[in-house]
Amino acid sequence: MVTSLSDKQIQHLYWRTGFGISSAMLKTVRKSSKNQIIDQLFSESKQSSPLQMDFGMLLKNPKDLSREERKQLQKLRKEKMSELNTLWFKQLIDTKQTLREKMTLFFHNHFSVRLKTPRACLHLNNVIRKHALGNFGDMLMEVSKSPAMLLFLNNRQNRKDHPNENFAREVMELFTLGRDNVYTETDIKEAARAFTGWNFSKGGAFVFRKNHHDYGVKTFLGNTGNFIGEDIIKILLEEKQTARYLTEKLYAYFVNETIDQHHVEKLATAFYDANYNLETLLRMMLGSDWFYDPKNIGTKIKSPIELMVGLSRPFHIKYEDPKVLLYLQKKLNQMLFFPPNVAGWPGGKTWIDNSTLMLRLKLASLTLNSGVIEWHDKGDIPENMIIRQQIYTKMKSKLQKKVKATPNWNAFLSTLDQKDKTELTDFVLQPQLSEAAKKLVSQLDATNIKNLIIELLSLPEYQLC
């Protein structure tokens, strides 16, 4: 068992469990053992910092409002969804509880909800954050009873004699067992009957409406009884396939999209035996030797949020207009609180297409240097680099006008421990460089540190972590 980590392995750990590591932090933690670093990650994320918003007029009953007030209410609801988005994004940038927030991002996609109801979305996000490093069973139960989930999957319409199967189907297909695993269509129908009556009050509290519940006997996954919704969830947690399915998703998220079934089976067994304790699973994963294998380093395409937050944190970027964060998320195809469907964002290679790739490669220069790369002595610059500079100089698109970002270069450079070009390249980029990238890097001027860093951040390799 390896007890100490190289700089590259430490960076790998901090990218996968957060959004990278600063040069100053790297200098500090490299003195610690692997277990000490992991302990610190969990210690920093022990507390949960829920998002808080003032909803004001949204708390009023629409029935008590005039037509004009209802129109204003609709506009306000939209504004509050945007505010919620930027509120969480800023927390991702500023937080020290990076592991908890990274897990919240994972479950934000696992329990995918797309609503225009800010109160419900805020509540669900905080429920996930609260349980993100705790017990998955507790999270599943509370998420299932949340107004957001009951609204999105139509369980308010799920009543005896007229069952709605949406929630029952997705709780098995997406949240626990995985598509076409263990359950049948009959199991879905029987589970839907058990979930009849699940609803919530005007204030957002879970309510079990007895008059809407089907009290008949149900048979679910081989178990027969007068089941209610809680019973269904407990039975799903008794299936080891639930532990296996969740472990596979977490393995793809933290380790590699190419699943090693041997590793997953060991992790799933430990997870199941620990009664779905997420910290137990993560500690076993992060503490393994194979997590730090070169084949797992620099192989994951950063999600748009990981990319944007990963750029914003080390440079303490201030955005003049917070709406630009929504604009960039939309252009990069990942808007917080607005997944494409109940299955969430597929991730991986789907993050990259012709339109998103160009923006992703320009993002560093747009946010760190107003879209322009500086050159001071053209006589020493290769011709292809001069052409690139001319292209950047001509960039007067709406992107440049929208992205009014102010990075704190002094704060970044003052703590930068790496001064040599090779050290800087190794610090900024996680994967092994392609031959084309090596050639380009060799041509860069190492005396202009600011410009060198922007160029490195603009390479395709920076899209990987």
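This section describes aromatic contacts, a surface patch, one helix and the cysteines in a predicted model.

The structure contains 20 aromatic pairs. One of them joins Trp198 and Phe206 in an edge-to-face arrangement, with ring centres 5.1 Å apart and an angle of 80 degrees between the planes. The two partners were assigned to separate burial classes: Trp198 has a relative accessibility of 1% and therefore counts as buried, whereas Phe206, at 28%, is partly exposed. A further edge-to-face pair is formed by Phe271 and Tyr276, with a centre-to-centre distance of 5.2 Å and 75 degrees between the planes. Phe271 is buried, its relative accessible area being 0%, and Tyr276 is also buried, with a value of 2%.

Phe271 and Tyr276 belong to a cluster linked by ring pairs. The cluster also includes Phe106, Phe107, Phe111, Phe136 and Phe175, together with Tyr253, Phe254 and Tyr272.

The rings of the Trp198–Phe206 pair are also contacted by a charged side chain. Lys145 lies over the face of Trp198, at 5.5 Å from the ring centre. The charged end of Lys145 also sits over the ring of Phe206, where the distance to the centre is 4.8 Å. Lys145 thus has a position over a ring that is buried, Trp198, and over one that is partly exposed, Phe206.

A nonpolar patch on the surface is made up of Phe208, Tyr215 and Ile228. Together these residues present about 250 Å² of accessible area. Phe208 is located in strand β2, which spans residues 206–208. With a relative accessibility of 30%, Phe208 counts as partly exposed, because this value falls between the limits of 20% for buried and 50% for exposed residues.

Helix α11 comprises residues 229–238. Of its 10 residues, 7 are buried, so the helix is largely enclosed by the rest of the structure. The buried positions are Gly229, Glu230, Ile232, Ile233, Ile235, Leu236 and Leu237. The charged residue type Glu thus appears in this list, at position 230.

The number of disulfides in the structure is 0. Two cysteines were examined for burial. Cys121 has a relative accessible area of 5% and is buried, since this value is under 20%. Cys465 is likewise buried, with a relative accessible area of 2%.

Key:
Residues are numbered from 1 along each chain as its sequence is written. This is a predicted model: local features need pLDDT of at least 70, side-chain atom pairs count only at pLDDT 80 or more; totals for chains, interfaces and linings use all residues. Side-chain values use heavy atoms; hydrogens and water are left out. Buried means under 20% relative accessible area, exposed over 50%, partly exposed in between (1.4 Å probe, protein chains only). Helices (H or I, at least four residues) and strands (E, at least two) are DSSP runs, numbered from the N terminus. Patches are made of residues with over 30% relative accessible area and no salt bridge: like charges are joined within 9 Å, nonpolar side chains (Val, Leu, Ile, Met, Phe, Trp, Tyr) within 5 Å. Accessible areas come from the Shrake-Rupley method with a 1.4 Å probe; for residues, only the protein chains shown count as cover. A salt bridge is a side-chain nitrogen of Lys or Arg within 4 Å of a carboxyl oxygen of Asp or Glu. Rings of Phe, Tyr and Trp (its six-membered ring) pair if their centres lie within 6.5 Å; planes under 30 degrees apart count as stacked, over 60 as edge-to-face and the rest as tilted. A charge sits over a ring if NZ of Lys or CZ of Arg is within 6 Å of the ring centre and within 35 degrees of the ring normal. A disulfide is a pair of cysteine sulfur atoms within 2.5 Å.
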